[in-house]
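Q: Please take a close look at one part of this model, the contact between its two domains, and then at some of the local features on either side.

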Amino acid sequence: MTVCVLHAAAEMFPLLKTGGLADVVGALPPAQSQLGTHARVVLPGFPAVIAGLTDLEPVADLGAAFGAYNVRLERGVLQPHGVVVYVVRADQFYDRPGNPYLDAAHRPYADNDRRFALLGWAAARIATGADPKWKPHIVHAHDWHAGLAPAYLRAFERGGASRVASVITVHNLAYQGTFPASEFGALQLPPDFYAVDGVEFYGLVSFLKAGLYYAERITTVSPTYAREIQTQAQGAGLHGLLQTRTHDITGILNGVDYSIWSPSVDESIASKYTMAKPSGKSKCKAALQERMGLTRDDDALLFGVVSRLTEQKGLDLLLSAVPDIVQRGGQLVVLGTGDPALETGMKNAAAAHPGAVAVELGFDETLSHSIIAGSDVVMVPSRFEPCGLTQLYALAYGPLPLVHRVGGLADTVVDCSLENLAEELATGFVFDSFDRAGIVGAIRRSFALKGRRTEWKAVVKRAMAQNFGWETAALSYAEVYQPLLGG
Ligand code: ADP
């Protein structure tokens with residue numbers, strides 16, 4: 001039997017991306033299809049989604065829902081992999097410029113509950129026959145945006161529809177999609193779903209909790225994060241529920257789409273290179289220094305950051321360590337956007353250290369590749385990190401990752417301690433305690449290793465030889481689906 005899975009998500013690279021979720025939803029379906037699972041995706045009809053698909057055609061008229069009139073389901077194709085993507089057309093909800101979640105003032109849209117309830121509801125409609133030509137065996141919801149899909153499946157089942165199993169993947173437990181209880185009535189769910197055993201969360205409606213409660217299986221994006229979220233300290237209020245579901249939770253590490261993130265094929269970097277022929281890498285460094293207005297110096301240890309600028313990412317800690325980088329002759333380049341206070345902090349650091357610190361505020365896919373290719377060290381000092389992708393991209397391109405030992409960072413980077421160097425395991429720099437001493441210690445280790453040219457080269461070679469291809473993850477997801485296919 002060919003297993004058919006429908007992914008429900010808010011973002012998908014290259015159509016629309018604000019973070020790692022998009023990279024995962026862009027890469028997992030084609031990897032699954034390679035292994036014989038038919039994977040399709042349903043997305044809200046944001047303008048960028050509609051513009052990026054080919055062969056768009058109408059599938060079904062879904063009528064009025066959640067206050068949106070004339071909701072339509074369309075189906076298109078995303079090249080080059082040919083992934084079939086369903087689009088929920090409700091222009092009233094989705095045809096807004098800019099960020100998919102926030103208005104121009106960076107505030108969540110007031111109707112986000114209904115905008116994303118519609119996504120989960122549409123996924124459940126597809127699963128119960130809205131497309132006469134295709135039906136999934138499993139709905140795979142991603143994050144709170146699609147968190148109500150498992151709840152609607154249950155509700156439809158109660159109304160007589162046949163059972164369709166669901167899985168929810170938590171890409172970040174910190175974003176839960178909570179709304180006032182007064183909004184529950186607008187969600188078209190049975191009244192008794194508003195309960196502790198249901199969508200209620202401390203007097204609010206929680207989309208993520210709904211998914212965690214109603215989905216048959218829960219996955220998250222690294223084994224360590226799967227353990228962390230079941231603790232009171234890191235469970236963001238949901239650890240109790242997660243503990244009761246511990247046997248249904250699996251941590252599956254995200255992969256890297258090497259057709260996009262590999263220095264041997266990357267068209268957006270100054271010079272392609274490989275592990276065997278790394279000479280292009282210094283051209284990438286020179287081009288990055290030039291582009292960012294840094295002093296042209298191949299010997300300066302260049303630290304790179306590509307990140308959302310939020311508290312999670314630990315960049316306040318990095319700011320406290322900027323003098324330690326600069327005093328040692330290092331350089332820092334940051335690409336990011338987010339919290340105004342962090343944006344200002346970054347700008348101030350650049351102004352204080354011209355030629356040594358450069359900052360670009362914004363979201364720039366091409367520059368993100370240039371930074372990964374041109375840096376010597378890529379920093380991910382996150383307070384918590386479900387998986388993290390930039391450290392995986394760093395491993396592929398040869399800068400060594402410098403990370404805090406949490407979540408997926410702990411699962412993917414091995415510190416350059418003496419014993420790890422001796423045992424030929426080291427791939428980067430990992431610090432344990434989230435404080436200035438911790439990050440400065442790792443920064444000092446990176447300068448020390450850089451001083452030992454042969455050892456540095458050996459570690460880079462080992463880092464670049466790591467394989468985080470999506471196939472491994474796709475196989476693990478197939479194992480999660482397997483027991484759900486019985487009925
Ligand atoms: P998160 O999903 O929490 O933002 P991840 O490390 O999982 O973190 O994924 C981040 C993704 O977003 C990576 O592909 C990274 O390159 C990209 N990214 C983050 N900030 C920017 C930016 N300002 N410009 C371009 N790409 C960015």
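A: The account below starts with the domain contact and then turns to single residues and elements.

The model is predicted, so local features are given only at pLDDT of at least 70 and side-chain atom pairs only at pLDDT 80 or more, whereas totals for chains, interfaces and linings use all residues. Residues are numbered from 1 along each chain as its sequence is written, and side-chain values use heavy atoms, with hydrogens and water left out.

Domain 1 covers 4-255 + 471-484 and domain 2 covers 280-466; these bounds come from an automatic or database domain assignment. The C-alpha centres of the two domains are 33 Å apart. To the contact, domain 1 gives 18 residues and domain 2 gives 17 residues, where contact means heavy atoms within 4.5 Å. About 1,400 Å² is buried between domain 1 and domain 2, with 58% of this from carbon and sulfur atoms. Buried area here is the accessible area (1.4 Å probe) that two parts lose on being put together, summed over both.

One salt bridge is counted between domain 1 and domain 2. A salt bridge requires a side-chain nitrogen of Lys or Arg within 4 Å of a carboxyl oxygen of Asp or Glu. The side chains of K17 and E365 form a salt bridge at 3.4 Å, N to O. Eight residue pairs, both at pLDDT 80 or more, are in polar contact across the interface of domain 1 and domain 2. A polar contact is a pair of N or O atoms within 3.5 Å; within protein, one must be able to donate a hydrogen and the other to accept it, and residues adjacent in sequence count only if both atoms are side-chain atoms.

On the side of domain 1 that touches domain 2, the elements giving two or more residues are α1 (20-34) and α7 (223-228). The largest share of that side, four residues, is from α7. Helices (H or I, at least four residues) and strands (E, at least two) are DSSP runs, numbered from the N terminus.

Next come single residues and elements. Q331 belongs to strand β14 (residues 331-338) and is buried, with a relative accessible area of 4%. Buried means under 20% relative accessible area, exposed over 50%, and partly exposed in between (1.4 Å probe, protein chains only). The side chains of Q331 and Q289 are joined by a polar contact of 2.9 Å. Leaving aside residues up to four places away in sequence, Q331 touches ten partners listed by name, including L294, F303 and I325.

Helix α13 (residues 390-397) is mostly covered, with eight of its eight residues buried. After α13 comes G398, with a positive phi near 105°.

L187 lies in the loop between β8 (178-180) and β9 (200-201) and is buried, at a relative accessible area of 1%. Among the residues that L187 touches, not counting those up to four places away in sequence, are F66, L148 and F207.

Most residues other than glycine have a negative phi, and most peptide bonds are trans. F13 and P14 are joined by a cis peptide bond, with omega about 5°, and P14 is in the loop between β1 (4-8) and α1. A cis peptide bond also joins Q79 and P80, with omega about 10°. A236 has a positive phi, near 50°, and is partly exposed, with a relative accessible area of 38%. E424 has a positive phi of about 55° and is exposed, at 57% relative accessible area.
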